[in-house]
Amino acid sequence: MPAYFRFVTLVAYHAFLSLGVDATILEVGVGGLHDSTNIVPKPVVTGITALGLDHTAVLGKTIKEIAYQKGGIYKVPSVRFVTHVWGLMRGRPRRKASRP
């Protein structure tokens, strides 16, 4: 993950906390388990709308590998939604939300 994106994400979190933001729609970088946006401990809703063969050096070489990595954003008990990729993600283990 490029350092610039991590820095901008950190600045956004700082702004949200400083301004007392109640809710936000946060788009991930490359997405998935190792994305810098994946530190949100208890997301209310998470979703994946499309998959493609991008970021293959980080996420995997096949759509199935990429789907598995992208599924890393899901945390129990948040509401999850997906579009046409659900069949590829069904075997993804669930992760419990972090506790503050």
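**Entry 1: Leu33**

I began with Leu33 and found this residue in the loop between α1 and β1. I kept in mind from the start that I was reading a predicted model. I then asked how far Leu33 is covered by the rest of the protein, and its relative accessible area came out at 28%. Because buried means under 20% and exposed means over 50%, Leu33 with its 28% counts as partly exposed. Next I looked up a partner in space for this residue, and noted that the C-alpha atoms of Leu33 and Gln69 are separated by 5.7 Å, although the two residues stand 36 apart along the chain.

**Entry 2: the overall layout**

To place that loop, I went through the elements and counted four helices and four strands in the protein. Reading along the sequence, I wrote down their order as α-β-α-α-β-β-α-β. I also looked up the share of buried residues, which is 29% of the 100 residues of the protein.

**Entry 3: Tyr4 and its patch**

I turned to helix α1, which covers residues 3-19 and includes Tyr4. Is Tyr4 buried or exposed? Its relative accessibility is 64%, and since anything over 50% is called exposed, Tyr4 counts as exposed. I found that Tyr4 belongs to a nonpolar patch on the surface, which it forms with Phe7, Val8 and Val11. Together these four residues have about 430 Å² of accessible area.

**Entry 4: the largest pocket**

I then looked for pockets and noted that the largest one has a volume of about 1,100 Å³. Its lining is made of 34 residues, and those closest to the centre are Thr24, Ile25, Leu26, Glu27 and Val45. When I asked which elements give two or more residues to this lining, I found α1 and β1, the latter spanning 45-48. The largest share, four residues, comes from β1. Sorting the lining residues by type, I recorded 19 nonpolar, ten polar and five charged.

**Entry 5: the bond before Pro77**

Last, I checked the peptide bond that runs from Val76 to Pro77, and wrote down that it is cis, with omega near 10°. I made a note of this because most peptide bonds are trans. Where does Pro77 lie? I located Pro77 in the loop between β2, which is residues 75-76, and β3, which is residues 79-82.

Conventions: Residues are numbered from 1 along each chain as its sequence is written. This is a predicted model: local features need pLDDT of at least 70, side-chain atom pairs count only at pLDDT 80 or more; totals for chains, interfaces and linings use all residues. Side-chain values use heavy atoms; hydrogens and water are left out. Patches are made of residues with over 30% relative accessible area and no salt bridge: like charges are joined within 9 Å, nonpolar side chains (Val, Leu, Ile, Met, Phe, Trp, Tyr) within 5 Å. Accessible areas come from the Shrake-Rupley method with a 1.4 Å probe; for residues, only the protein chains shown count as cover. A salt bridge is a side-chain nitrogen of Lys or Arg within 4 Å of a carboxyl oxygen of Asp or Glu. Buried means under 20% relative accessible area, exposed over 50%, partly exposed in between (1.4 Å probe, protein chains only). On a 1 Å grid over the protein atoms alone, a cavity is a set of points where a 1.4 Å probe fits but cannot get out, and a pocket is an open set with protein on both sides within 12 Å along at least five of seven lines; lining residues have an atom within 4 Å of a point. Grid points are joined across faces, edges and corners, and a volume is the space filled by probe spheres set on the points. Ala, Val, Leu, Ile, Met, Phe, Trp, Tyr, Cys and Pro count as nonpolar, Asp, Glu, Lys and Arg as charged, and the others, Gly among them, as polar.
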